[in-house]
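Colleague: I'm new to this one, so could you walk me through it?
Modeller: Gladly, let's look at it together.

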Amino acid sequence: MINGELNFEITSENTADLSKPVLYNNCANPIVLSYVNDNIKSDYTITDTSIPIVYDGSLLQRCNVSLDSIACSVSFDIDITNNKNQKFKTTVYFDIPYQDDSSSIYDGSITLRKDVNYNFYRYE
């Protein structure tokens, strides 16, 4: 869990220890965030035992969990200080997607890619 700030080390080396927050100076590596929905359903009995239980999005559907009931969003600020000590900032906000036009988390999992173009403003 991240509370407060997450600071990245900036590197121009060809290899880096990616087990800690490292960002290549050309932004070649992605920043991956993950989250956990906790306590979605309790004391539920699945009566159809002919289908194996798989702990992915299909279990949500089998337990009658609606996508609307787990809808959530994420927001955070990105602050960048360049090598001239100029500071830039933008706010990132997005809804967590559980479905698109052709699939949903009920299919087991869903992967969506979103190309973005955020505007940073200089504040120092």
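**Strands and pockets**

Modeller: In this predicted model, strand 3 and strand 4 pair in the antiparallel sense over 9 bridges.

Colleague: Which residue is the bridge partner of V74 in strand 4?
Modeller: Start from the pairing of strand 3 with strand 4, which is antiparallel. Looking across to strand 4, the bridge partner of V74 is F94.

Colleague: Which residue in the turn of the hairpin has a positive phi?
Modeller: Strand 3 and strand 4 form a hairpin, with 5 residues between them. In that turn, a positive phi of about 65 degrees belongs to N85.

Colleague: Which element gives the most to the lining of the largest pocket?
Modeller: The largest pocket holds about 2600 Å³ of space. Its lining has 50 residues, and I31, V32, L33, F76 and I78 are the closest to the pocket's centre. Two or more lining residues come from each of strand 2 (22–24), strand 3 (73–81) and strand 4 (87–95). With 9 residues, the element that gives the most is strand 3.

Colleague: How many residues of the lining of the largest pocket are nonpolar?
Modeller: Let's split that lining by type. There are 6 charged and 13 polar residues, and the nonpolar ones number 31.

Colleague: And how many residues lining the second largest pocket are charged?
Modeller: About 200 Å³ of space lies in the second largest pocket. Its lining includes N37, D38, K41, Y44 and C63. By type, this lining has 7 nonpolar and 3 polar residues, and the charged ones number 2.

Conventions:
Residues are numbered from 1 along each chain as its sequence is written. This is a predicted model: local features need pLDDT of at least 70, side-chain atom pairs count only at pLDDT 80 or more; totals for chains, interfaces and linings use all residues. Side-chain values use heavy atoms; hydrogens and water are left out. On a 1 Å grid over the protein atoms alone, a cavity is a set of points where a 1.4 Å probe fits but cannot get out, and a pocket is an open set with protein on both sides within 12 Å along at least five of seven lines; lining residues have an atom within 4 Å of a point. Grid points are joined across faces, edges and corners, and a volume is the space filled by probe spheres set on the points. Helices (H or I, at least four residues) and strands (E, at least two) are DSSP runs, numbered from the N terminus. Ala, Val, Leu, Ile, Met, Phe, Trp, Tyr, Cys and Pro count as nonpolar, Asp, Glu, Lys and Arg as charged, and the others, Gly among them, as polar. Two strands pair if DSSP finds at least two bridges between them.
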